[in-house]
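Biologist: Please take a close look at one part of this structure, the surroundings of the first ligand. Then follow the chain outward from there, step by step.

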Amino acid sequence: MPPQPLAMSSLAALREGYERFDPRAYLQNNYLPPRADFSSEEFVVPWKLRCLAETFASGEICGRTLIDVGSGPTIYQLLSACDHFEEIVATDYLAVNREELGRWARGEPGTFDWSPFIQHVCKIEGRGEPWQEKERRLRGRLRRILPIDVHRPDPLGAPLRPPADALLSAFCLEAVSPDLAAFARALAHAGSLLRPGGHALLLGALGESFYLAGAARLPVVPLAEDDVRAALAGAGFALRDFRSYAMPPALRTGVDDVDGVFFAHAQKPPEA
Ligand SMILES: C[S@@+](CC[C@H](N)C(=O)[O-])C[C@H]1O[C@@H](n2cnc3c(N)ncnc32)[C@H](O)[C@@H]1O
Ligand SMILES: O=S(=O)(c1ccc2c(c1)CN[C@@H](CF)C2)N1CCSCC1
């Protein structure tokens with residue numbers, strides 16, 4: 001019997017899977033029709049954008065720096081945030097995603113067209129702002145695009161100085177964690193980037209076990225709503241708002257097996 005390869009750790013298997021992650025395929029799968037359907041407020045992308053717009057509209061969440069954990073190649077999640085923070089710090093584990101974001105931030109040709117998302121956010125924010133103005137503002141405030149690994153206690157490799165005033169993360173933690181304990185640890189690690197009293201906004205998948213991004217097939221830890229609530233409490237957060245969305249059958253396109261989406265707004269306790 002030839003020597004058997006050592007069993008690869010689940011984290012190592014995940015990292016190997018992400019080496020095959022194709023940003024353009026990922027964008028195609030999730031941010032173009034049929035999933036990017038803006039025709040009804042009942043569809044998921046308008047629902048997600050409305051959760052963020054309504055939460056930022058209160059004006060309570062603002063400050064100098066917002067960090068986005070596991071940005072991937074997407075910027076939709078930053079469109080309402082960018083009006084309330086001087087600096088947006090995007091992060092991702094993969095250089096291909098950081099490069100995609102950098103090309104968009106510099107306005108280079110051939111990057112993904114986010115204008116339908118920007119136009120929709122300007123519409124629901126109701127200020128009559130030209131979408132090109134919102135795009136210009138986000139590009140001006142997206143100043144750092146950093147490598148990150150949420151499985152490290154110090155996800156950026158060094159503390160963020162000063163700590164972020166707010167943290168956002170969309171579809172990352174559950175998509176990079178082999179199990180619930182790893183998800184909870186990753187949340188706590190990400191939370192270490194946030195100042196006391198800072199706000200965390202999480203968007204994520206419920207009941208999802210895999211997703212496709214080109215040649216990559218990535219495992220996802222299937223989450224129930226209570227798993228998210230328990231992980232937030234375990235990481236020391238106070239829950240402020242929790243909403244969920246059931247995925248309509250028409251949006252089951254085979255690129256994943258997501259059952260629904262959650263939105264959580266939580267706050268880190270103030271300094272003792
Ligand atoms: C499903 S994508 C989410 C992308 C984007 N935030 C969105 O809303 O569509 C998950 C992202 O997590 C990143 N990632 C993979 N491993 C990671 C890790 N250990 N720490 C942080 N991010 C990681 C991937 O590169 C990928 O961009
Ligand atoms: O746009 S979504 O909110 C969305 C957006 C991104 C993702 C997923 C879903 C599910 N798989 C994730 C992999 F981690 C990435 N959406 C979820 C409901 S159905 C339409 C697509």
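**Around ligand 1**

Modeller: Start with Asp149. An N or O atom in its side chain is 2.9 Å from a nitrogen atom of ligand 1. Keep in mind that this is a predicted model. Next comes Val150. Here a backbone N or O atom lies 3.0 Å from a nitrogen atom of the ligand. Tyr76 uses its side chain instead: an N or O atom there is 2.6 Å from an oxygen atom of ligand 1. How much of ligand 1 does the protein bury? On its own, ligand 1 exposes 600 Å², and the protein buries 98% of that area.

Now widen the view. There are 21 residues around ligand 1. The nearest are Tyr26, Tyr31, Tyr76, Asp92 and Ala170. Let us follow some of them along the chain.

Take Tyr26 and Tyr31. Both fall in helix H2, which spans 23-31. After H2 comes a loop that leads to helix H3 (44-57), and Pro34 sits in that loop. The peptide bond between Pro33 and Pro34 is cis, with omega about 10°. Most peptide bonds are trans.

Tyr26 also takes us to ligand 2. Among the 15 residues that surround ligand 2, the closest are Tyr26, Val44, Glu208, Met247 and Asp256. Three polar side-chain atoms can be placed here. The one of Glu208 lies 2.7 Å from a nitrogen atom of ligand 2. The one of Asp256 lies 3.3 Å from a nitrogen atom of the ligand. The one of Lys48 lies 3.3 Å from an oxygen atom. Alone, ligand 2 has 470 Å² of accessible area, and the protein covers 100% of it.

Back to ligand 1 and Ala170. Ala170 ends strand S4 (164-170). Before S4 there is a loop from strand S3 (142-147), and this loop holds Pro162. Arg161 and Pro162 are joined by a cis peptide bond, with omega about -10°. Beyond S4, Phe171 lies in the loop that leads to helix H7 (180-191). Phe171 is not a glycine, yet its phi is positive, about 55°. Most residues other than glycine have a negative phi.

One last step, to the helices ahead of S3. H5 (residues 115-125) packs against H6 (residues 131-141) at an angle of about 110°, and their axes are 9 Å apart. That angle makes the two helices roughly perpendicular. H5 brings Ser115, Ile118, Gln119, Val121, Cys122 and Glu125 to the contact. H6 brings Trp131, Lys134 and Glu135. Sorted by class, this contact has four nonpolar, two polar and three charged residues.

Definitions and conventions:
Residues are numbered from 1 along each chain as its sequence is written. Chains are lettered from A and ligands numbered from 1 in the order in which they are written. This is a predicted model: local features need pLDDT of at least 70, side-chain atom pairs count only at pLDDT 80 or more; totals for chains, interfaces and linings use all residues. Side-chain values use heavy atoms; hydrogens and water are left out. Axes are lines fitted to C-alpha atoms, for helices over the stretch in contact, and angles run from 0 to 180 degrees between N-to-C directions. Helices (H or I, at least four residues) and strands (E, at least two) are DSSP runs, numbered from the N terminus. Angles under 35 degrees count as roughly parallel, over 145 as roughly antiparallel, 65 to 115 as roughly perpendicular and the rest as oblique. Contact means heavy atoms within 4.5 Å. Ala, Val, Leu, Ile, Met, Phe, Trp, Tyr, Cys and Pro count as nonpolar, Asp, Glu, Lys and Arg as charged, and the others, Gly among them, as polar. A residue is near a molecule or strand if one of its heavy atoms lies within 4 Å of it. A polar contact is a pair of N or O atoms within 3.5 Å; within protein, one must be able to donate a hydrogen and the other to accept it, and residues adjacent in sequence count only if both atoms are side-chain atoms. Accessible areas come from the Shrake-Rupley method with a 1.4 Å probe; for residues, only the protein chains shown count as cover.
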